[in-house]
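Please go through the model below with the text beside it. The paragraphs deal with cysteines, the sheet, helix packing and salt bridges.

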Amino acid sequence: MLKVKVYADRMSQPSRAVLIFCKVNGIEFDEIKVEISKRQQLSPEFAAINPFKKLPAIVDGRFKLFESHAILIYLASAFPGIADHWYPADLSRRARIHSVLDWHHLNLRHGAAPFVLHSVLAPVLGLPLNPKAAAEAEKILISSLLKLENIWLKGNGRYLLGNLQPSIADLSLVCEIMQLELLDEKDRERILGPHKKVQEWIESTRNATRPHFDEVHKVLYKVKEIIQAKQSNQVDGVMQSKTKSPLPSKM
């Protein structure tokens, strides 16, 4: 039996969700690395798999699929032995998971991804920072975290929709929020600090999917070190330029 091919970049939040899901559920797959920083997703070879040239994408035999939520639904449905809580057979529970996933793409993702890109990640990708775009995205992010805390995490369960076990929606949304690890501690605390339920839910999802959750997210901490080194070099350069005394002008 051929393994599923998962085309992914671990710096991509939805790629991480798909990889973790496969690992947690024992789905045999080959991880095909497509590096966004090198624009590899724009290649003609990858466009033949996903004409939108975005990650992740999968190939299962002759079947090609893109869009992470669709991929998670397919994997949870197509492979035997996947625990029901990930994508329940009950249609009403399943529909509620779809409602979270639909909300995610127009709210939380619309805030978190551009905020991190424009406030810290852009230089790693060879792009300039954009404070104005970051400020706009932050508004959406903060609004989304409030809704997450007060609506989707309402109830006694540890997970979204008051559930006692995680679904594909929990994994998708937590991977989205995990990119905030790229921020410095002050900014991360400012944004996530007020949302205790969100923080507890992130930790519950991490614990439910260990050790794979931590292994797949290692890349974030490596990139954070690169960001911090760049920022430190910039500060050192500014300090050195300030301490250099100007040459006396000739009379």
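C22 has a relative accessibility of 0% and counts as buried. The model is a predicted one, and its cysteines are a convenient place to start. A disulfide is a covalent bond between the sulfur atoms of two cysteines. The structure holds zero disulfides. C22 takes part in none, and the nearest cysteine sulfur to its own, that of C175, is 12 Å away. Seen from the other side, the closest cysteine sulfur to that of C175 is in C22, and 12 Å is too far for a bond; the cut-off for a disulfide is 2.5 Å between the sulfur atoms. C175 is likewise buried, with a relative accessibility of 0%.

The sheet comes next. Strands of a sheet pair through backbone hydrogen bonds, either parallel or antiparallel. Here four strands make up an open sheet with mixed pairing, in the order β2-β1-β3-β4. The edges are taken by β2 (29–33) and β4, each of which has a single partner strand, so one side of each lacks a neighbour in the sheet. Averaged over the sheet and with direction ignored, neighbouring strands are turned by 20° against each other.

At one edge, β2 pairs with strand β1 (residues 4–8) in the parallel sense, over five bridges. Within this pair, Y7 stands opposite I32 of β2. At the other edge, strand β3 (residues 57–60) and strand β4 (residues 63–66) are antiparallel and share four bridges. I58 has L65 of β4 opposite to it. β3 and β4 form a hairpin with two residues between the strands, and G61 there adopts a positive phi near 70°.

How do helices α7 and α9 meet? The axes of α7 and helix α9 (residues 196–208) come within 10 Å and cross at roughly 115°. That angle makes α7 roughly perpendicular to α9. The crossing of the two, α7 and α9, is left-handed.

The remaining topic is charge pairing. A search of the whole structure gives 16 salt bridges. One of the salt bridges links E176 and R109, with an N to O distance of 2.9 Å. E176 belongs to helix α7 (residues 168–178) and R109 to helix α5 (residues 108–121), so this contact ties together parts 67 residues apart in sequence. The partners are not alike in exposure: E176 is buried at 1% relative accessibility, whereas R109 is partly exposed at 24%.

K224 and E185 form another salt bridge through their side chains, at 3.0 Å from N to O. K224 lies in helix α10 (residues 212–243) and E185 in helix α8 (residues 185–192), so the parts tied together by the pair are 39 residues apart in sequence. K224 counts as buried, with 9% relative accessibility. Salt bridges with shared partners also join R10, K23, E31 and E215 into one network.

A further salt bridge connects D84 and R93, where the closest N and O atoms are 3.9 Å apart. This distance still counts because the limit for a salt bridge is 4 Å. Are the partners buried, partly exposed or exposed? D84 is partly exposed, its relative accessible area being 37%, and R93 is also partly exposed, at 36% relative accessibility.

Notes: Residues are numbered from 1 along each chain as its sequence is written. This is a predicted model: local features need pLDDT of at least 70, side-chain atom pairs count only at pLDDT 80 or more; totals for chains, interfaces and linings use all residues. Side-chain values use heavy atoms; hydrogens and water are left out. Two strands pair if DSSP finds at least two bridges between them. Buried means under 20% relative accessible area, exposed over 50%, partly exposed in between (1.4 Å probe, protein chains only). Axes are lines fitted to C-alpha atoms, for helices over the stretch in contact, and angles run from 0 to 180 degrees between N-to-C directions. Angles under 35 degrees count as roughly parallel, over 145 as roughly antiparallel, 65 to 115 as roughly perpendicular and the rest as oblique. A crossing is left-handed if the near helix is turned anticlockwise from the far one by less than a right angle, and right-handed if clockwise.
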